[in-house]
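Visitor: Please show me the model, and then let us discuss its sheet and its aromatic contacts.

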Amino acid sequence: MHLGTTIILAASAHATVLTFDLDPDIPNYGDIPGSYGDNVSAASDAVGTYLMGNGYTPNVTTEYRTWQISTDTVAYNNLDFWHDSYGDLSKVAFSVTSSDHFAEITLVPEPGWAIRLNSFDMAGYPVTDHPNSQVRILDGTSNTILVDYSPVTILGSGGTHSTFTPGLTHNGPISIRFGYNDWNVGIDNINFDQVTAVPEPETYAMLLVGLGLIGFMARRRKQSV
């Protein structure tokens with residue numbers, strides 16, 4: 001189900017894939033570094049490695065959070081890391097705690113840029129399907145739901161995983177919230193682009209009004225002369 005999807009025509013695409021291949025490696029339950037995925041301009045940086053989609057994303061930063069459901073507040077400003085057994089995925093991000101919490105990853109573009117979320121993978125632990133999971137994509141500023149896949153069965157049994165392909169382009173920050181009371185759902189291979197932001201229709205309308213006013217004033221001055 002799609003709710004209020006933002007479609008923006010854009011150019012100058014670049015893409016990064018977050019694989020959560022960290023360097024140095026961290027143990028299970030370790031905190032994913034908050035800077036992993038920030039301003040990616042090469043296949044590796046001081047915190048880990050990435051796959052290149054259409055290019056890289058030097059004008060995007062990442063934020064990781066674990067939300068408490070009952071209070072609708074941020075409980076932890078990070079997500080945890082796990083090596084294997086989330087279906088056939090390896091090195092995934094998941095919620096810091098289980099009961100009454102869900103995980104969130106937010107992609108934040110610098111001014112003049114927008115985010116296109118191409119795809120991401122999710123799987124259940126331990127190599128198990130997880131029915132009735134919740135996966136949502138939100139406006140990272142207003143928390144408005146842009147795409148809602150819930151409820152959905154996250155695959156994992158038999159060494160499988162689920163792939164989501166929203167193909168969503170959005171001005172401003174964009175968040176992926178998932179798991180929702182289930183830390184045995186992990187995320188991997190987040191493929192996103194940074195694209196040149198295009199003004200919303202309201203901005204074009206204001207521009208046209210401004211141009212019209214300039215033309216009106218120019219005609220007034222000409223008539224006065």
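Guide: The questions below concern the sheet, the aromatic pairs and the charges over rings.

Guide: This is a predicted model, in which local features need pLDDT of at least 70, side-chain atom pairs count only at pLDDT 80 or more, and totals for chains, interfaces and linings use all residues. Residues are numbered from 1 along each chain as its sequence is written, and side-chain values use heavy atoms, with hydrogens and water left out.

Visitor: Which strands stand at the edges of the open sheet of 6 strands, and why is one side of each left without a neighbour?

Guide: Strands are DSSP runs of E with at least two residues, numbered from the N terminus, and two of them pair if DSSP finds at least two bridges between them. The open sheet has 6 strands in the order β4-β3-β7-β15-β10-β11, with antiparallel pairing. Each edge strand has a single partner strand, so one side lacks a neighbour in the sheet; these strands are β4 (73-76) and β11 (145-148).

Visitor: Which residue of β11 does R136 stand opposite?

Guide: Strand β10 covers residues 135-139 and runs antiparallel to β11, to which 3 bridges join it. Opposite R136, in β11, stands D148.

Visitor: How are the planes of Y36 and Y50 arranged, stacked or edge-to-face?

Guide: Rings of Phe, Tyr and Trp (its six-membered ring) pair if their centres lie within 6.5 Å; planes under 30 degrees apart count as stacked, over 60 as edge-to-face and the rest as tilted. The structure holds 14 aromatic pairs. For Y36 and Y50, the values are 4.7 Å centre to centre and 20 degrees between the planes, and the pair is stacked.

Visitor: Where in the chain do Y36 and Y50 lie, and how many residues apart?

Guide: Y36 lies in the loop between β1 (14-22) and β2 (48-52), and Y50 in strand β2. The pair thus links distant parts of the chain, its members being apart by 14 residues.

Visitor: Is Y36 buried or exposed?

Guide: Buried means under 20% relative accessible area, exposed over 50%, and partly exposed in between (1.4 Å probe, protein chains only). Y36 has 0% relative accessibility, and therefore counts as buried.

Visitor: Which residues form one aromatic cluster?

Guide: One pair to consider is Y86 and F94, whose ring centres are 5.9 Å apart with planes at 35 degrees, so the pair is tilted. The aromatic cluster consists of Y29, W82, Y86, F94, Y125 and W183.

Visitor: Over the face of which residue does R177 lie?

Guide: A charge sits over a ring if NZ of Lys or CZ of Arg is within 6 Å of the ring centre and within 35 degrees of the ring normal. R136 lies over the face of Y180, at 5.9 Å from the ring centre. R177, at 4.4 Å from the ring centre, lies over the face of W67.

Note on methods. Helices (H or I, at least four residues) and strands (E, at least two) are DSSP runs, numbered from the N terminus.
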